[in-house]
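Me: I am new to reading protein models, and I would like to go through this one slowly. Could you take my questions in turn and show the reasoning behind each reply?

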Amino acid sequence: MTTETPIKFAYWVPNVSGGLVISNIEQRTHWGIDYNRKLAQIAEAAGFEYALSQIRFTAGYGADNQHESVSFSHALAAATERLKIIAALLPGPWNPALAAKQIATINNLTEGRIAVNVVSGWFRGEFSAIGEPWLDHDERYRRSEEFIRAMRGIWSEDDFTFAGDFYRFRNYTMKPKPIDPQPEIFQGGSSRAARDMAARVSDWYFTNGNTPEGLATQVEDIRAKAAEQGRRVKIGINSFAIARDTEAEARAVLGEIIDKANPDAVHGFAHEVKNAGAASPEGEGNWAKSSFDDLVQYNDGFRSNLIGTPEQIAGRIIALKDAGADLVLLGFLHFQEEVEFFGKRVIPLVRELEANRSRTAVAAE
Ligand SMILES: Cc1cc2nc3c(=O)[nH]c(=O)nc-3n(C[C@H](O)[C@H](O)[C@H](O)COP(=O)(O)O)c2cc1C
């Protein structure tokens, strides 16, 4: 019998100040723990399965305060019952021995509700500020891949031995191991190096906002390469959602976000991301094609076009699903209010569309 796998929902944890848009528009969102604990509880009740926290070491573009991702993720897991928290890890500041140990402990303490997002770095100023060498784009991914292989080895093997260019382990047995299933490994990026790494070692590939067509091109590439190795990689796409009762209201909010964008900050961000996206050798990185308006949202979230009525948004989520998305990662202007609204008004419509399609498929069989 053909039943459709429900698409999953994640939200960006606002553990960094300034929200998810580089704009002076009012954002009723706070980066502190009280706001975030309540948000996590609202999200869990609203039907969100994952929360993604961010790693940042220095300020840039309004993001003056940043809580550290792993410790913040643990606090959110402790405040919830079902939500899985994805903690971001940046190879360089983290080494795999520490990361594997930290995450295994949180996994044991939370009965498996911790996952990781291995990020590869885009902000050169941040690396200089904390005295971390800045590697070339593809070298950063070579290091991230070794980081992931090492973490997996530590989590699953005794007497783990590994001789890489960046990391070395010799007969290392870490205990306790994570309880099964192993923590899921997400990663971010769009470049060829990001896609190749996903195909080889990651469970999940997160990419910037995109159209269904733009997403499908990446998914086909990753899935073909992963299949050669007998693997399947799941796909998450970023989006900034503006769900309102009418399309006009939603579009007006987007207009206001962009009108009130801080041009110096957006240009500053654009300059920095050239070190990540556009700097990848093949020129297909995360921000290679982003316009000024796209960059007002850190990860091109307007491009996924989840802006309109709940009905329009639900239909577009299904289109992203058809293009290969297993998960939609969402940012909002006013997180608590909008996550709740999304759970009440959008997710049920998506589930209805999925159920209708399952019924149609069964009838056709
Ligand atoms: C959904 C998502 C979340 C990310 N989170 C972070 C983060 O918290 N901290 C960080 O430094 N980079 C983060 N990144 C950046 C990526 O790890 C990567 O460095 C960047 O997307 C450049 O990729 P590319 O040049 O390979 O396309 C994130 C990327 C995506 C798509």
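Me: Which residue in strand 3 does Ala51 stand opposite?
Reply: This is a predicted model, and in it strand 2, residues 50-52, is joined to strand 3, residues 84-89, by 3 bridges. The two strands run parallel, and in strand 3 the residue that stands opposite Ala51 is Ile85.

Me: In what order do the 8 strands close into a barrel?
Reply: Strands of a sheet pair through backbone hydrogen bonds, and the pairing may be parallel or antiparallel. In this barrel the pairing is parallel, and the twist from one strand to the next averages 25 degrees. Following the strands around the barrel until they close gives the order 1-2-3-4-7-8-9-12.

Me: At about what angle does helix 6 run to strand 7?
Reply: Helix 6, which covers residues 192-201, lies across strand 7 (185-188) and strand 8 (204-207). Helix 3, residues 96-109, lies across strand 3 and strand 4 and runs at about 155 degrees to strand 4. For helix 6 and strand 7, the angle is about 170 degrees.

Me: How many of the 10 residues of helix 6 are buried, and what do they pack against?
Reply: The buried residues include Ala193, Arg195, Asp196 and Met197, and the helix is largely enclosed by the rest of the structure because 8 of its 10 residues are buried. These buried residues pack against helix 5, strand 7, strand 8 and helix 7.

Me: Where are the cis peptide bonds that lead into Pro176 and Pro181?
Reply: One cis peptide bond joins Lys175 and Pro176, with omega at about -5 degrees, and another runs from Asp180 to Pro181, with omega near -5 degrees. Pro176 lies in the loop between strand 6 and strand 7, and the place of Pro181 is likewise the loop between strand 6 and strand 7.

Me: Is Asp300 buried or exposed?
Reply: Asp300 is found in the loop between helix 10 and strand 11, and its phi is near 55 degrees, a positive value in a residue other than glycine. A residue counts as buried when its relative accessible area is under 20%. The relative accessible area of Asp300 is 1%, and therefore Asp300 is buried.

Me: What is the relative accessible area of Ala63, and which residues does Ala63 touch?
Reply: Ala63 is placed in the loop between strand 2 and helix 2, where it is buried, with a relative accessible area of 1%. Leaving out residues up to four places away in sequence, Ala63 touches Val16, Ser17, Arg56, Thr58 and Tyr298.

Me: How far from the centre of the ring of Tyr298 is the charged end of Arg56?
Reply: Arg56 and Tyr298 are among the residues that Ala63 touches. The charged end of Arg56 sits over the ring of Tyr298, and its distance from the ring centre is 5.3 Å.

Me: Is the aromatic pair of Phe169 and Tyr172 stacked or edge-to-face?
Reply: A pair of aromatic rings is described by the distance of the centres and the angle of the planes. For Phe169 and Tyr172 the centres are 6.2 Å apart and the planes are 25 degrees apart. Planes under 30 degrees apart count as stacked, so the pair of Phe169 and Tyr172 is stacked.

Technical notes. Residues are numbered from 1 along each chain as its sequence is written. This is a predicted model: local features need pLDDT of at least 70, side-chain atom pairs count only at pLDDT 80 or more; totals for chains, interfaces and linings use all residues. Side-chain values use heavy atoms; hydrogens and water are left out. Two strands pair if DSSP finds at least two bridges between them. Helices (H or I, at least four residues) and strands (E, at least two) are DSSP runs, numbered from the N terminus. Axes are lines fitted to C-alpha atoms, for helices over the stretch in contact, and angles run from 0 to 180 degrees between N-to-C directions. Contact means heavy atoms within 4.5 Å. Buried means under 20% relative accessible area, exposed over 50%, partly exposed in between (1.4 Å probe, protein chains only). Rings of Phe, Tyr and Trp (its six-membered ring) pair if their centres lie within 6.5 Å; planes under 30 degrees apart count as stacked, over 60 as edge-to-face and the rest as tilted. A charge sits over a ring if NZ of Lys or CZ of Arg is within 6 Å of the ring centre and within 35 degrees of the ring normal.
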